[in-house]
Amino acid sequence: MNYLSNDKLLIVGAGGMIGSNMAQTAIMMRLTPNICLYDPYLKGLEGVAEEMMHCGFDGLRLSFTDDIEKAFTGAKYIVSSGGAPRKAGMTREDLLRGNAGIAEDFGKNVKKYCPDVKHIVVIFNPADITGLITLLYSGLTTERVSTLAALDSTRLRSELSKYFNIPPDSIINARTYGGHGEQMAVFASTTNVDGKPLVDLISTSALPENNWEEIKNKVVQGGKNIIELRGRSSFQSPAYLSIEMIAAAMGGKPFTWPAGVYVNDDRFHNIMMAMETTIDKTGIHFKMPTGTLEENTSLYNSYTHLCHLRDEVIGLGIMPPISEWGKLNPNMLKKTI
């Protein structure tokens, strides 16, 4: 049977709703027959594996385990949703303390058992921070670790599509940058709506300013809305997008939605944040977004918010001071652009 690769793909947190959806999506996309499912909750994990086998997929060599060494050893690609889920009334930042510790262990396990892994996608929240911690403790080069951020941009495209009552494909280059959270920077200047620049529509009868503000708020609160509607956090959309990301790293179609990437340049320092990115077989690559003065200010404010979260993790002792990062991962001292 034709697969994109024969390399081992490890899905961490596979016993949960996101993880199990990632497993099925990866199998259906025929990324590799060599898929390992890991979760500390063995009974639930076995249930996921049983379901996958009951689908009758051809050529699949699926394994599952609650043993960290067995799971990570030999893994070439990893997608991790292995953090605590966001619940009603919680912000992504509420998850910080617990999930930061999980990310530390995750990075250390990568370094110990699969230091030659080719790419990792981190999606458990707050993803910008958990991805940064993973990168630090894994010792990997910066282009080999990315985080889920596209979900904010796809939500922007969806809201614009609904507002204008046109197909989503008619919305081109809808973009949010910076943090994956309430402090994200929503850009209008990049977007075209049915061939027309979005900025030319805002503050007109086609899209009054207050309606545009309402759309932006819906995007920012998109995850909260899913929780209110379904009684649980998003799982289908992050599962699909994260597998699209790892598929690109495995040699599939390049992923061109924004993603979280490590940035250390003259403006943004030692942070993981959503940029204009491309993921392909060589890793994740980015360029700095160009926007209006207001958008660039919003992006800087988002960066500042992420720095506060990063510094809070440092204060908790989960990460050392930035001056000591080079001892754990010298790759993070290099300029990224």
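**Close-up 1. Lys218 and its salt-bridge partner Glu214 in helix H8 of this predicted model****.** Lys218 counts as partly exposed, at 42% relative accessibility. Its partner, Glu214, is also partly exposed, with a relative accessibility of 45%. The two side chains come together in a salt bridge, with 4.0 Å from N to O. Both residues belong to helix H8, which covers residues 209–220. They sit 4 residues apart, about one turn of the helix.

**Close-up 2. A salt bridge between Asp266 and Lys335****.** Here the N to O distance is 3.8 Å. This pair ties together distant parts of the chain, with 69 residues separating the partners. Asp266 is found in the loop between strand E12 (259–263) and strand E13 (271–280), while Lys335 lies in the segment after helix H12 (325–328). Asp266 is classed as exposed because its relative accessibility, 71%, is over 50%. Lys335 is exposed as well, at a relative accessible area of 53%.

**Close-up 3. Lys118 meets Asp7 across a long stretch of sequence****.** Their side chains form a salt bridge at 3.0 Å, taken from N to O. Once again the partners come from distant parts of the chain, and here they are 111 residues apart. Look for Lys118 in the loop between H4 and strand E5 (119–122); Asp7 is in the segment before strand E1 (9–12). Lys118 is partly exposed, with a relative accessible area of 39%. For Asp7 the figure is 22%, so this residue is partly exposed too, given that buried means under 20%. If you would like to go on exploring pairs of this kind, the structure holds 10 salt bridges, including the ones shown in these views.

**Close-up 4. Helix H4 packed with helix H5****.** H4 spans residues 96–113 and H5 spans residues 127–138. The helices pack at an angle of about 30 degrees, and their axes are 7 Å apart. That angle makes H4 roughly parallel to H5, because angles under 35 degrees fall in that class. The crossing of H4 past H5 is right-handed.

**Close-up 5. The residues where H4 and H5 touch****.** On the H4 side, the contact involves Leu96, Asn99, Ala100, Ala103, Glu104, Phe106, Gly107, Lys108, Val110 and Lys111. Facing them from H5 are Ile129, Thr130, Ile133, Thr134, Tyr137 and Ser138. Sorted by type, the residues of this contact comprise 8 nonpolar, 5 polar and 3 charged.

Terms used
Residues numbered from 1 in each chain as written. Predicted model: local features only at pLDDT ≥ 70, side-chain atom pairs only at ≥ 80, totals over all residues. Heavy atoms only, no water. Axes fitted to C-alpha atoms, helices over the stretch in contact; angles between N-to-C directions. Helix = DSSP H or I, 4+ residues; strand = E, 2+ residues; numbered from the N terminus. Parallel < 35°, antiparallel > 145°, perpendicular 65-115°, else oblique. Left-handed = near helix turned anticlockwise from the far one by under 90°. Contact = heavy atoms within 4.5 Å. Nonpolar A, V, L, I, M, F, W, Y, C, P; charged D, E, K, R; others polar. Buried < 20%, exposed > 50% of the residue type's maximum accessible area, 1.4 Å probe, protein only.
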